Amino acid sequence: MKFVIQRVTNAKVTIEGKVNGQIGKGFMVLIGVSNDDTKEIADKMVRKMLGMRIFEDENGKTNLSLEDVNGELLLISQFTLYADCKKGNRPSFINAGAPDMANQMYEYIVSECRNTGWKVETGIFGADMKVELLNDGPFTIVLDSKEII
């Protein structure tokens, strides 16, 4: 599982010309699921993401968490995080999770984040989405379950 976490001032996702999800200060997270992923892995990834202290405190140090700044979440499914570019110029997505399983994992992650009380906005799994964000910093963290679990 991979999460690309971007600290944002604001972000939104538009589908077919309509805003589907919009947040203020918080994290815009691209979520990639592989066939090997489980709910246990998702739980660890969510805990790690929600605990990230990457907002600046009064001294300009990245010391504050999402909770400390009353942040919001925009969660977007993105299978292309599992692009394999080793051969040729056209990426292979063989390592991305099968659509049904990946959607279940994405929905599970969204549900777990909502269950912890966060304001959570989303895209729509498999939709053609237009994502806009103002990356604050810029500050981007890539969490890969193979590196943190």
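## The largest pocket

Strand S3 (26-32), strand S6 (72-77), helix H2 (99-115) and strand S8 (129-144) each give at least two residues to the lining of the largest pocket. The model is predicted. The pocket holds about 310 Å³ of space. Its lining counts 18 residues. Those nearest the pocket centre are Ser77, Gln78, Phe79, Gly126 and Met129.

What classes of residue make up the lining of the largest pocket? Nonpolar residues number 12 and polar residues 6. There are no charged residues in this lining.

## Strand S1 and its partners

Strand S1 spans residues 2-15. Is S1 mostly covered or mostly open? It is mostly covered, with 10 of its 14 residues buried. In a regular strand, side chains alternate between the two faces of the sheet.

S1 pairs with S2, S3 and S8, taken here in turn. Strand S2 covers residues 18-23 and pairs with S1 in the antiparallel sense over 5 bridges. Val13 stands opposite Gly21 of S2. The two strands form a hairpin, with 2 residues between them. Glu16 sits in that turn and has a positive phi of about 50°.

S3 also pairs with S1 in the antiparallel sense, over 7 bridges. Here Lys2 has Gly32 of S3 as its bridge partner. S8 pairs with S1 in the antiparallel sense too, over 12 bridges. On that side, Thr14 stands opposite Lys130 of S8.

## Salt bridges between S1 and S8

The structure holds 4 salt bridges. One of them joins Arg7 and Asp136, with the closest N and O atoms 3.5 Å apart. This pair links distant parts of the chain. Arg7 lies in strand S1 and Asp136 in strand S8, 129 residues apart. How covered are the two partners, Arg7 and Asp136? Arg7 is buried, at a relative accessible area of 4%. Asp136 is partly exposed, at 26%.

A salt bridge also forms between the side chains of Lys12 and Glu132, at 4.0 Å from N to O. This pair, too, links distant parts of the chain: Lys12 is in S1 and Glu132 in S8, 120 residues apart. Lys12 has a relative accessibility of 25%, so it counts as partly exposed. Glu132 is also partly exposed, at 45%. Side chains of opposite charge can pair when their charged atoms come close.

## A salt bridge from S6

Glu72 and Lys119 meet through their side chains in a salt bridge, at 3.7 Å from N to O. Where do the two residues sit? Glu72 belongs to strand S6. Lys119 belongs to the loop between H2 and strand S7 (120-122). The two are 47 residues apart, and the pair links distant parts of the chain. Lys119 is partly exposed, with a relative accessible area of 37%.

## The nonpolar core

The largest nonpolar core has 30 residues. Which residues have the most contacts inside this core? They are Phe3, Phe27, Met49, Leu73 and Leu75.

Several elements build this core. S1, S3, helix H1 (39-51), strand S4 (53-56), S6 and H2 each supply at least two of its residues. H2 gives the largest share, at 7 residues. S3, S6 and H2 each also give at least two residues to the lining of the largest pocket.

## Two aspartates in place

Asp136 is found in strand S8. Its C-alpha lies 22 Å from that of Gly32, and 104 residues separate the two in sequence. Gly32 is the S3 residue that bridges to Lys2, while Asp136 forms its salt bridge with Arg7.

Asp43 sits in helix H1. Is Asp43 buried or partly exposed? With a relative accessible area of 24%, Asp43 is partly exposed. Buried would require under 20%. In space, Asp43 and Tyr108 are 9.2 Å apart, C-alpha to C-alpha. In sequence, these two residues are 65 apart.

Note on methods. Residues are numbered from 1 along each chain as its sequence is written. This is a predicted model: local features need pLDDT of at least 70, side-chain atom pairs count only at pLDDT 80 or more; totals for chains, interfaces and linings use all residues. Side-chain values use heavy atoms; hydrogens and water are left out. On a 1 Å grid over the protein atoms alone, a cavity is a set of points where a 1.4 Å probe fits but cannot get out, and a pocket is an open set with protein on both sides within 12 Å along at least five of seven lines; lining residues have an atom within 4 Å of a point. Grid points are joined across faces, edges and corners, and a volume is the space filled by probe spheres set on the points. Helices (H or I, at least four residues) and strands (E, at least two) are DSSP runs, numbered from the N terminus. Ala, Val, Leu, Ile, Met, Phe, Trp, Tyr, Cys and Pro count as nonpolar, Asp, Glu, Lys and Arg as charged, and the others, Gly among them, as polar. Buried means under 20% relative accessible area, exposed over 50%, partly exposed in between (1.4 Å probe, protein chains only). Two strands pair if DSSP finds at least two bridges between them. A nonpolar core is a set of buried Ala, Val, Leu, Ile, Met, Phe, Trp, Tyr and Cys residues joined through side-chain atoms within 4.5 Å.
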